[in-house]
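User: Could we go through this structure together? I would like to start with the conventions and then move to the details.

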Amino acid sequence: MKQTIFLIALSGICVSALAQKHMKYEFPENMPEHIKSDYLEQCKKGKILYEINCAKCHTSSVGRKKIIPDFTSAQLINYELRIQNPKHTNNITETTVNTEELAMIITFLTYKKKN
Amino acid sequence: MRKRYVICSILVTIAIFIFSFTNSQQKEYVAYYLNTVSTFNTQQAALLEVIIKADLNNPTEVATIKQELNNARNTLKSVDFWLRYLNPLAYKKINAPLPVEWETEVFEKFEKPYKREGAGLTLLAMYMEEGNFEKDSMLALIRASVAATSVFTADSTTKGLSEYHHFFLCNRLFLLNLAAIYTTGFECPDRERIIPELKALLQSVGNTNEMFNKSFPATPLPPKYLQLYRAMLAFVGDQPLNYTLFDHYTFLKDYVNPLFILNQALIARYNVVSRSMVDYTLNNKATSIFDKHLYNGQNTKGIFLRVNDTAALATIEHIGKQLFYDPLLSGNNRRSCASCHKPTQYFTDTAITASLHFDGVQLLPRNSPSLVNSIYNHLLMLDGKHYSLQDQTKGVVTNPNEMNCTERELLKKVMSCKEYKKTLKQLLTYTPQEKEVTFQHIASAINYYYGQFSNYNAPFDEAMNKTADISASARRGFNLFMSKAQCGACHFVPQFNGVKPPYVSSEFEVLGVPADTLYRNLSPDEGRYVINAAKETRNAFRTGSIRNAAHTKPYMHNGVFNTLEQVIEFYNTGGGAAHGLKVANQTLSADSLHLTAQEKIDIISFMQSLNEQIVFDTPPYNLPASKNKSLNNRVIGGSY
C-alpha cells in the first residue's frame with residue numbers, strides 16, 4: 001500500500017519534471033566548459049531532489065505555470081538551511097536529505113534561470 | 001451590539017494584560033541569565049586583578065590566585081548550562097582543556113578541520129596544577145575568556161532566551177554532559193575539584209530550573225522532574241568528594257538517564273524546535289541515553305535514504321548481504337568484504353594482527369576494525385579519512401593494497417549478474433535523480449546490510465535502562481573507568497568511542513602505541529597526520545568504541561596487543577612515553593594510573609558488560625550467476 005502511494009507520488013514528480021523539461025540555467029560566462037557540464041549534471045539531479053524535498057512548500061503555481069523561487073546565495077548555505085526555521089528543522093534532516101544531496105539542490109537553485 | 005463591544009474590549013484588555021504579564025515574566029528569566037553572566041564576569045575581573053598584583057614567587061599569593069580561579073570556575077558552573085549551548089565556539093575560549101586538538105565537526109565536512117587550543121579557565125587551572133606560572137600568558141588566557149564572555153550578552157545570543165525552546169535543548173546537552181564528561185575530570189585538571197564543581201553545577205542548574213518554571217508557567221518542568229532532580233542533589237550531596245569513590249554508576253542509572261528520558265518527553269510534548277547546530281545529530285525520538293539511536297552518526301541507507309518501505313528495505317538488505325560476501329568486488333575476484341570483516345567474528349578478523357595485503361603475502365599496516373558500531377562514528381577509518389560509509393566502501397574496493405578494483409570494472413561485473421541487475425534496476429525507482437545504477441547503489445546496499453548489526457544492546461545498556469543488572473565487579477569497573485583509570489575521558493558515554501556530547505565530532509588521540517610488545521620502537525604509522533598534517537596529529541588515531549572489545553582482538557591500530565590485560569597494562573603504565581618511547585605529542589598522561597590487580601579485573605568485567613547480544617547470520621547459500629562464466633566459480637566470502 002505504502003509502496004503504491006510512493007510510486008504514485010514518484011510518477012507525479014516525474015510528470016511534473018517532464019513538464020518542466022526545459023529548465024534553463026545561467027552559469028557565469030567565464031566558467032570553463034567542463035565545469036559547466038559538471039554543474040549542469042548536478043543541477044539536473046538537484047532539480048529532481050528539489051521536487052522531492054522542497055517543492056511542496058516552495059513551488060507556487062501561477063495558472064499552469066510552476067514557479068520555483070529565486071533564493072539569494074546568502075540564503076543557500078548547506079547546514080544553516082537545515083535550521084533556518086522550524087519547518088526546516090523538522091523536514092530537512094540528515095534522514096530526508098543528505099549533505100551531498102542538499103549541495104546538489106543548492107547548486108540547482110543557484111544556477112537556475114531567475115524568474 | 002454595545003454589550004458585545006464592551007465584552008470584546010474587556011477580552012482584548014485581558015489578553016494584553018496576560019501578554020504583557022508573561023512577557024515581563026520572561027524578562028525576569030532573561031534578567032536572571034544576564035545577571036548570572038555578569039557575576040561570572042565580575043569574578044573573572046577579580047581573578048585578573050589578583051594575577052596582575054600577585055608576586056608569583058610568593059606561595060601565599062599563588063594560593064590566592066588559586067582561590068580566585070576556583071571561585072571563577074564555580075561561577076562559570078552557574079552559567080555553563082546556557083553558554084555551552086548558545087555559542088559553542090565562544091565557550092571554547094572560556095573553557096577548553098588541553099591537549100590541542102584538531103576538531104572535525106559534521107558540518108565541517110566540506111571544510112578543513114580547525115585547530116582548538118587549550119584555553120580559558122581550564123588551561124589556567126592546568127598551568128597552576130603544573131606549577132607553570134608565567135604572568136603574561138595567564139593574563140592573556142583570562143582576557144581572552146572575558147572577551148569571549150561578552151558574546152553571551154549580545155542581543156543576537158540572548159534573543160532566543162525569551163522563548164521556552166532553548167531551555168529544553170540546553171537541558172538536554174547539560175544532561176548528556178553529566179553522563180559523559182562532568183564527572184570524569186575531562187575539563188577539571190585538579191582531581192579534587194571534580195566533585196565539588198559538580199555540586200556547584202547541580203546547585204545552580206537547580207536554581208535555573210526554578211527560575212524557568214516561574215517565568216514559563218505554560219511549559220514547565222513537571223513536579224516529577226523537579227523531584228527527581230532534588231533527589232539527585234541529595235544523592236550527590238551524600239557522595240564522597242573523591243571522584244574515584246563517587247558512585248558514577250548509580251548517578252547515571254538512577255538520576256541522569258531518567259532525567260534525560262523525562263526531558264526528551266518534554267521536548268516532544270512542548271514541540272520544542274531547535275535553531276542550533278548543537279542539536280544537529282541528536283535524535284528527538286531517542287528514549288534513553290542508552291538508546292542506540294541517541295544520535296545520528298552515519299547514514300547506513302546511503303543513496304536509499306528516503307526508502308521506508310519494509311519490503312524494499314528487505315530487498316536492499318538481501319542484495320547488500322550477497323554483495324558483502326561477493327569477491328566480485330575485488331580486482332582478482334578472490335576477496336570480499338567478509339575476507340577481513342568476518343561476520344561471525346564481530347565483523348573483524350581476530351586471528352591476525354593486521355589484515356592481509358591484496359598480494360596475499362604481506363600484511364597491511366593496520367588491524368581491520370570491527371564494523372559493528374562503526375555507524376556511530378562521524379569520521380571513518382583510524383585516520384578519519386572518510387566522511388561517509390559510502391566513501392569508505394569506495395576507498396577500500398579501489399585501494400590497490402586491499403581490493404584493487406575500479407568503480408567501473410566493479411559495476412560491470414555486478415551488472416553482468418542477472419539477479420543483481422534486475423534487483424538494482426528495480427530499486428532505481430527509489431532514486432529518481434539517478435538514471436542508471438551507480439556504484440553508490442551498490443555501496444549503499446552493503447552499508448545497509450552490515451549497519452543492521454549495530455542495533456543491538458549490551459547488558460550494560462540494559463542495566464542503564466533498568467531491564468537487567470550487571471555484576472558488582474562490572475559496576476565497580478565502570479566507576480573506575482569514569483575516574484581513576486581515566487578511560488571515560490576519551491571513550492565517552494554512551495558509545496564509549498571518541499564522540500562526545502553533542503556528538504558532532506570525532507576525537508583523535510596520540511597514545512604512543514609501540515610497533516611490538518617489547519617497546520623497541522614506536523609504531524611507524526603516522527595516522528591522522530597523513531590526512532591532516534600538523535604537529536599534533538602525528539601518530540594520532542581516532543578513538544574507537546570499546547563495545548564488544550572482549551570479542552574483537554587484537555587491539556590498537558596495528559593489532560599489537562592480543563589481550564585486554566595487555567591493553568590495560570599499557571594504559572596503566574602511561575602509554576608509549578612511559579615505556580621510554582619518544583612521543584613528543586602524547587595526549588595520554590605518561591603517569592602511572594596505579595591500578596591494583598582487582599581494579600584491573602573490575603575494568604575488564606565492565607568491558608565484558610559491553611558485549612552486545614548480537615544475532616549474527618550465516619553466509620548466503622549462493623551468489624548470483626554471471627554471464628561471464630569464468631566468474632561463476634568464485635568462492636562465497638572470498639578465498640583469502
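Analyst: The conventions come first, and the answers to your questions follow. This is a predicted model, in which local features need pLDDT of at least 70 and side-chain atom pairs count only at pLDDT 80 or more, while totals for chains, interfaces and linings use all residues. Residues are numbered from 1 along each chain as its sequence is written, chains are lettered from A and ligands numbered from 1 in the order in which they are written, and side-chain values use heavy atoms, with hydrogens and water left out.

User: Which domains is chain B divided into?

Analyst: Chain B has domain 1 (1–162), domain 2 (168–280), domain 3 (302–455) and domain 4 (473–608). These bounds come from an automatic or database domain assignment.

User: What separates the centres of domain 1 and domain 4 of chain B, and how many residues does each contribute to the contact?

Analyst: Taken over C-alpha atoms, the centres of domain 1 of chain B and domain 4 of chain B are 33 Å apart. Domain 1 of chain B gives 11 residues to the contact and domain 4 of chain B gives 12, where contact means heavy atoms within 4.5 Å.

User: How much area do domain 1 and domain 4 of chain B bury, and which residues supply it on the domain 1 side?

Analyst: The two domains of chain B, 1 and 4, bury about 890 Å² between them, with 50% of it on carbon and sulfur atoms. Buried area is the accessible area (1.4 Å probe) that two parts lose on being put together, summed over both. On the domain 1 side, B:Glu101, B:Trp102 and B:Thr104 supply 49% of the area buried against domain 4 of chain B, more than any other three residues.

User: Which side chains form the salt bridge there?

Analyst: The count between domain 1 of chain B and domain 4 of chain B is 1 salt bridge, a term that requires a side-chain nitrogen of Lys or Arg within 4 Å of a carboxyl oxygen of Asp or Glu. B:Lys115 and B:Glu536 meet in a salt bridge at 3.4 Å, N to O. On the side of domain 1 of chain B that touches domain 4 of chain B, the largest share, 3 residues, comes from strand β2 (residues 101–103) of chain B. Strands (E, at least two residues) and helices (H or I, at least four) are DSSP runs, numbered from the N terminus.

User: Changing topic, how do chain B and chain A meet?

Analyst: Their contact takes 22 residues from chain B and 27 residues from chain A. The area buried between the two chains is about 2300 Å², and carbon and sulfur atoms give 60% of it. There are 2 salt bridges between chain B and chain A. A:Glu101 and B:Arg306 meet in a salt bridge at 2.8 Å, N to O.

User: How many aromatic pairs are there, and why is B:Phe167 with B:Phe212 called stacked?

Analyst: The count over all chains is 51 aromatic pairs. Rings of Phe, Tyr and Trp (its six-membered ring) pair if their centres lie within 6.5 Å; planes under 30 degrees apart count as stacked, over 60 as edge-to-face and the rest as tilted. B:Phe167 and B:Phe212 have ring centres 3.8 Å apart and planes at 10°, so the pair is stacked. B:Phe167 lies in helix α7 (residues 165–180) of chain B and B:Phe212 in helix α8 (residues 194–215) of chain B, so the pair ties together parts that are 45 residues apart in sequence.

User: Where are B:Pro502 and B:Pro554, and what about the backbone at B:Met381?

Analyst: The peptide bond from B:Pro501 to B:Pro502 is cis, with omega near 0°, and B:Pro502 is in the loop between α18 (472–481) and β4 (508–509) of chain B. Another cis peptide bond joins B:Lys553 and B:Pro554, with omega about -5°; B:Pro554 is in the loop between β5 (541–542) and α19 (564–573) of chain B. B:Met381 has a positive phi, near 75°, and is found in the loop between α12 (337–340) and α13 (389–398) of chain B. Most residues other than glycine have a negative phi, and most peptide bonds are trans.
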